[in-house]
Amino acid sequence: VYVGLMPDGTMDSPKGPINVGWYKLGFRPGEIGSAVIAGHFGWKDNIKAVFDDLSKLRKDDKIYVEDFKGETYTFIVREIKKYGALADADEVFNSIDGIAHLNLITCGGVWNKSEKSYSNRLVVFTDKIEN
């Protein structure tokens with residue numbers, strides 16, 4: 001699904017546990033720049049969420065993305081980082097190296113019941129490789 005910004009300026013997220021949200025104000029996967037896709041982790045009532053296993057990715061793992069035209073792009077994991085929920089994550093959305101990136105975001109850490117949010121964000125940074 002397409003997502004934009006919340007009123008507080010943070011990236012919106014998909015509404016359900018099985019969808020991912022592509023940041024529509026950024027780049028598309030495969031385009032030069034940083035495409036960003038978010039998905040949920042740890043959905044309520046132990047329902048499986050799309051990025052529950054995102055933390056299992058490791059450097060040099062490959063990710064494949066198929067676009068609406070049926071074209072498949074291959075990305076390789078470069079780095080995995082954790083950010084505090086309120087940390088500046090500008091590097092997730094911006095790149096100036098002339099390479100196509102795909103950055104995947106999900107929640108992690110400890111659930112804060114009163115804020116209805118996890119304590120940190122897990123980001124998987126990838127670089128496009130030729131098929």
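In this predicted model, Tyr 2 is exposed, since its relative accessible area of 57% lies over the 50% cut-off. Its aromatic partner is Trp 22, which is buried at a relative accessible area of 13%. The two ring centres lie 5.3 Å apart with the planes at 65°, so the pair counts as edge-to-face. Tyr 2 belongs to strand S1 and Trp 22 to strand S2 (residues 20-23), so the pair links parts of the chain 20 residues apart.

The count of aromatic pairs comes to two. In the other, Tyr 23 and Phe 93 have ring centres 5.1 Å apart and planes at 70°, again an edge-to-face arrangement. This pair joins strand S2 to helix H1 (residues 90-93) across 70 residues of sequence. Here Tyr 23 is buried, with a relative accessible area of 13%, while Phe 93 is partly exposed at 25%.

Turning to the sheet, seven strands form an open, mixed arrangement in the order S1-S2-S3-S6-S7-S5-S4. Strands S1 (2-3) and S4 (62-66) are the edges, each pairing on one side only. Strands S5 (residues 72-84) and S7 (residues 117-129) run antiparallel and are joined by ten bridges; Ile 80 stands opposite Val 124 in S7.

Strand S6 (residues 100-112) holds His 101, which counts as buried because its relative accessibility is 2%. The His 101 side chain makes a polar contact of 2.7 Å with the side chain of Asp 127 and reaches the backbone oxygen of Thr 126 at 3.2 Å. Beyond its sequence neighbours up to four places away, His 101 touches several residues, including Glu 31, Phe 75, Arg 78 and Ser 95.

Notes
Residues numbered from 1 in each chain as written. Predicted model: local features only at pLDDT ≥ 70, side-chain atom pairs only at ≥ 80, totals over all residues. Heavy atoms only, no water. Helix = DSSP H or I, 4+ residues; strand = E, 2+ residues; numbered from the N terminus. Buried < 20%, exposed > 50% of the residue type's maximum accessible area, 1.4 Å probe, protein only. Polar contact = N/O pair within 3.5 Å; in protein donor to acceptor, adjacent residues only side chain to side chain. Contact = heavy atoms within 4.5 Å. Pairing = 2+ DSSP bridges. Phe/Tyr/Trp six-rings, centres within 6.5 Å; stacked < 30°, edge-to-face > 60°.
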